[in-house]
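Thanks for coming, everyone. Please have the viewer open, and follow along as I talk.

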Amino acid sequence: MAAAFALIAATLTSTARAGTAVATTVPLTFTDTNICVTPAEVFTGTGELHMLVSSNLSPSGMAQSHLHADLAGLHAMTVTGKKYEVPSSFNQSYEVDSFDAAPFHTTLEFLVQYIHVGEDGYFFVGDDFYEHYLAHATVNANGTLTVNDFSDDTRCQ
């Protein structure tokens, strides 16, 4: 997220320019807890974090910044040997008038899944954690908040 803010700042202080995009892939070690089993299980895994950061500044002064991140090939295991797959994605975007900060809109969305995999490769029912989070806000050119949506769907499936 810090990369997105740095990119926005660079965009807002530059002259009008065509969009730029920077892709990065880094190894990642990940630890979390599956609350869908009793007792809750802590697991640790490795995989790759893929990030794509892009920005654009139009001649009219509208700045755009986008950050997309996902975990690829993340395989995790508990200390007792239980296995998990952890597909996840994260998207964040900003569009703002660089002259007076209105209009402005932002969207933040992420999806996280902890999929418990049986020793024989079969999936268990009801012990997988799932969360889909979505937040969106829009401020019109007058500075009035016109959209303020939030949803968080968290469940065991």
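I'll go from the overall layout to the core, then the pocket, then two single residues.

One caution before we start: this is a predicted model.

Layout first. The protein has one helix and eight strands. Read along the sequence, the helix comes ahead of the strands, giving α-β-β-β-β-β-β-β-β. There are 157 residues in the protein, and 34% of them are buried. Now take the contacts with a separation of 6 or more. Residues 24 or more positions apart account for 53% of those.

Next, the core. As a general point, nonpolar side chains in soluble globular proteins tend to be buried together. Here, the largest nonpolar core has 14 residues. Which of them have the most contacts inside it? They are F30, F43, Y84, V86 and Y114. Strands β2, β3 and β6 each supply at least two residues of this core. The biggest giver is β3, with four residues.

Let's stop at V86. Set aside its neighbours within four places in sequence. V86 is then in contact with F30, F43, L71, L74, A76, Q113 and Y114. F30, F43 and Y114 are also on that list of residues with the most contacts inside the core.

Now the rings. The count comes to eight aromatic pairs. Let me show you one of them, F43 with Y84. The ring centres are 4.6 Å apart and the planes sit at 20°. Planes under 30 degrees apart count as stacked, so this pair is stacked. Where do the two residues lie? F43 is in strand β2, and Y84 is in strand β4, residues 83-85. So the pair ties together parts that are 41 residues apart in sequence. Are F43 and Y84 buried or exposed? Both are buried. They also belong to one aromatic cluster, made up of F30, F43, Y84, Y114 and F129.

On to the pocket. The largest pocket holds about 230 Å³ of space. It is lined by 15 residues, and the closest to its centre are L49, L71, S88, S89 and F90. You have met L71 already, as a contact of V86. Which strands supply at least two residues of the lining each? The answer is β1 (17-34), β2 (41-57), β3 (62-78), β5 (88-97) and β6 (104-117). Again β3 gives the most, with four residues of the lining. What is the lining like by class? Twelve residues are nonpolar, two are polar and one is charged.

Last, two single residues. Start with S151, in strand β8, residues 145-156. S151 has a relative accessible area of 34%, so it is partly exposed. Leaving out residues up to four places away in sequence, S151 touches H132, Y133 and L134. From S151 to E109 is 42 residues in sequence, and 9.6 Å in space, C-alpha to C-alpha.

Then A141, in the loop between β7 (129-139) and β8. A141 is exposed, with a relative accessible area of 54%. Not counting residues up to four places away in sequence, A141 touches A102 and P103. F104 is 37 residues from A141 along the chain, and their C-alpha atoms are separated by 7.8 Å.

To recap, keep β3 in view. It gives the most to the largest nonpolar core, and β3 also gives the most to the lining of the largest pocket. That's my tour.

Note on methods: Residues are numbered from 1 along each chain as its sequence is written. This is a predicted model: local features need pLDDT of at least 70, side-chain atom pairs count only at pLDDT 80 or more; totals for chains, interfaces and linings use all residues. Side-chain values use heavy atoms; hydrogens and water are left out. On a 1 Å grid over the protein atoms alone, a cavity is a set of points where a 1.4 Å probe fits but cannot get out, and a pocket is an open set with protein on both sides within 12 Å along at least five of seven lines; lining residues have an atom within 4 Å of a point. Grid points are joined across faces, edges and corners, and a volume is the space filled by probe spheres set on the points. Ala, Val, Leu, Ile, Met, Phe, Trp, Tyr, Cys and Pro count as nonpolar, Asp, Glu, Lys and Arg as charged, and the others, Gly among them, as polar. Rings of Phe, Tyr and Trp (its six-membered ring) pair if their centres lie within 6.5 Å; planes under 30 degrees apart count as stacked, over 60 as edge-to-face and the rest as tilted. Buried means under 20% relative accessible area, exposed over 50%, partly exposed in between (1.4 Å probe, protein chains only). A nonpolar core is a set of buried Ala, Val, Leu, Ile, Met, Phe, Trp, Tyr and Cys residues joined through side-chain atoms within 4.5 Å. Contact means heavy atoms within 4.5 Å.
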